[in-house]
Amino acid sequence: MKLNLLHTSDWHLGIELKDFDRTLEHRMFLTWLHGALAEHAIDVVLITGDVFDHGQPSAEALRLWFGFLVAATRDHPHLQVVVIAGNHDSPQRLTMADPLLAALGRIHVVGAWHDDLQPLPLYERSGAVAGWLGPVPYLRSAELAGADPLGKVRAIYATMAQRLAAVTREGQAQVLTGHCFVQTATLSPNSERNTIVGTLEAWPVDVFPAVQYVALGHLHRAQTVRAAQVVRYAGSPLPLAFDERNYAHQAVVVQLNGAEQAQMQTVTVPRAIGILCIPDSGEFAPWPLVQVELAKLPLATGDRTLWPLLEVRVSADGAPLHLRQEVEALLADRAVRMISLRHHAEGAGDIGDGALETLEELGPLEVVRRMYAATPGSELADAQEATVHTLIDLAQRLQMGQLEDVRQEREAWLAARKMELQVLAAAGE
Ligand SMILES: [Mn+2]
């Protein structure tokens with residue numbers, strides 16, 4: 001029994017690039033995706049997390065999301081849509097429209113992990129069950145709390161694999177999902193570094209039992225982590241940072257055929273708006289060289305809302321006093337929109353390989369590590385690092401608008417501590 005599944009991930013609806021609104025690019029992606037569903041005869045769309053950039057998505061982001069779901073299910077009555085929450089999504093918010101989505105039919109949204117999560121049947125066009133999907137969402141620090149977080153991850157995937165085995169009949173395929181950082185996966189330096197702190201969240205690929213396809217989200221660069229019994233990141237459909245501009249953003253069309261190895265085809269998402277960096281190397285270049293590169297940009301013409309977005313990086317030596325005005329004057333008649341101008345400031349060249357590192361680029365854990373490293377005789381112990389990691393996770397999720405979730409987790413944690421104390425007190429009597 002054959003089934004065509006389209007795997008996509010990390011849309012981050014509502015995200016901005018240096019304060020630049022990406023709604024137009026997301027709208028064009030969703031229009032493209034809608035067309036791809038017909039072109040590749042898709043039976044199931046699988047979205048592996050970070051649908052939204054923020055736990056409390058803007059009205060515009062929600063409009064894009066619901067607009068896509070309504071159009072996709074209306075124009076493809078057999079289509080199934082399966083969504084798992086990523087670390088940026090609030091599980092509560094992502095699932096709050098469940099009654100409405102149920103009315104649209106064949107839309108499954110999985111928010112937080114819970115012990116009763118069951119495999120979902122995947123239907124081929126005739127209505128027969130062609131496979132089963134074990135939906136594992138992003139596993140939050142509260143779900144993995146304790147002495148052996150990786151052991152809990154393994155237990156969760158083993159449980160889901162058992163449940164898959166219990167329902168799978170001959171000729172049916174098995175699919176698992178995850179929103180996580182798997183070891184050996186390649187990072188995108190700027191937009192993901194803040195979400196991956198330390199090695200605590202980096203799992204070995206063998207946490208995933210052997211199934212026909214493991215669909216992953218979290219990393220923005222599409223990549224295969226394990227070729228046999230495919231484990232694959234679909235990557236984000238658009239570049240979410242300047243350093244993500246030089247690779248093809250894509251969706252993965254997976255053909256499942258029972259227990260046979262899944263056939264995979266990557267489909268490039270057309271880039272609606274170009275992303276440029278001057279110099280293209282991404283280094284900080286001397287001002288004369290930057291001037292030459294700026295002068296090569298095409299002259300202004302056509303629809304301004306489709307002009308490429310530009311970041312300019314200038315090194316310290318010989319940069320003019322009024323750098324911004326000089327750059328803007330050179331760009332006045334060019335078909336680009338500069339949304340970021342970075343100047344490698346003097347006196348900061350001794351950090352790293354010469355490029356100025358910002359706190360944002362380093363990420364909070366690295367800042368704490370360096371603070372400890374800078375104090376003679378002190379080093380960040382593993383237990384302390386775990387605590388810092390938990391605090392950063394909570395702070396990031398508060399920042400992403402997941403107030404309700406964090407409050408609930410905190411209450412659950414307090415209740416658990418209270419129970420532990422009661423057990424200890426009872427044992428002492
Ligand atoms: Mn993520």
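Q: Okay, so two strands pair if DSSP finds at least two bridges between them; what counts as a strand or a helix?
A: Both are DSSP runs numbered from the N terminus: helices are H or I with at least four residues, strands are E with at least two.

Q: Anything to know before I look around?
A: This is a predicted model, where local features need pLDDT of at least 70 and side-chain atom pairs count only at pLDDT 80 or more, while totals for chains, interfaces and linings use all residues. Numbering starts from 1 along each chain as its sequence is written.

Q: How many helices and strands does the protein chain have?
A: Eleven helices and 19 strands.

Q: And what box do the C-alpha atoms fill?
A: Roughly 70 × 65 × 40 Å, taken along the principal axes.

Q: Let's pick a sheet. What's the order in the one with six strands?
A: The order is S7-S8-S9-S12-S14-S13, and that open sheet has mixed pairing.

Q: Which strands stand at the edges?
A: Strand S7 (120-123) and strand S13 (223-226) do, each with a single partner strand, so one side of each is left without a neighbour in the sheet. On average, neighbouring strands here are turned by 25° against each other, direction ignored. Axes are lines fitted to C-alpha atoms (for helices, over the stretch in contact), and angles run from 0 to 180 degrees between N-to-C directions.

Q: How does S13 run relative to S14, parallel or antiparallel?
A: S13 and strand S14 (residues 230-233) run antiparallel, with three bridges joining them. Across that pairing, Arg-226 stands opposite Val-231 in S14.

Q: Which helix packs on this sheet?
A: Helix H5 (residues 149-167), which touches strand S8 (129-134) and strand S9 (173-179). The direction of H5 makes about 160° with that of S8. Residues touch, or are in contact, if their C-beta atoms, placed from the backbone, lie within 7 Å.

Q: New topic: which domains does the protein chain have?
A: The assignment gives domain 1 (2-268) and domain 2 (284-354); the bounds come from an automatic or database domain assignment. Over C-alpha atoms, the two centres are separated by 37 Å. Five residues from domain 1 and five from domain 2 make up the contact.

Q: There's also a sheet of three strands, right? What's its order?
A: S17-S18-S19, open and with parallel pairing. Strand S17 (275-278) and strand S19 (337-343) are at its edges with a single partner strand each, so one side of each is left without a neighbour in the sheet. From one strand to the next, the twist averages 15°.

Q: How many bridges does S17 share with S18?
A: Four, linking S17 to strand S18 (residues 309-314) in the parallel sense. Among the residues involved, Leu-276 has Leu-310 in S18 as its bridge partner.

Q: Which helix lies across S18 and S19?
A: Helix H7 (residues 323-331), running at about 150° to S19.

Q: Last one: is strand S5 mostly covered or mostly uncovered?
A: Mostly covered: five of the five residues in S5 (residues 80-84) are buried. Buried means 20 or more other C-beta atoms lie within 10 Å of a residue's own (12 or fewer is exposed, in between is partly exposed), with C-beta atoms placed from the backbone. Gln-80, Val-82 and Ile-84 point one way from S5, while Val-81 and Val-83 point the other way.

Q: Which strand is joined to S5?
A: Strand S4 (residues 44-48) runs parallel to S5, joined by five bridges. In S5, Val-81 is the bridge partner of Val-45.

Technical notes:
Two strands pair if DSSP finds at least two bridges between them. Two residues are in contact if their C-beta atoms, placed from the backbone, lie within 7 Å.
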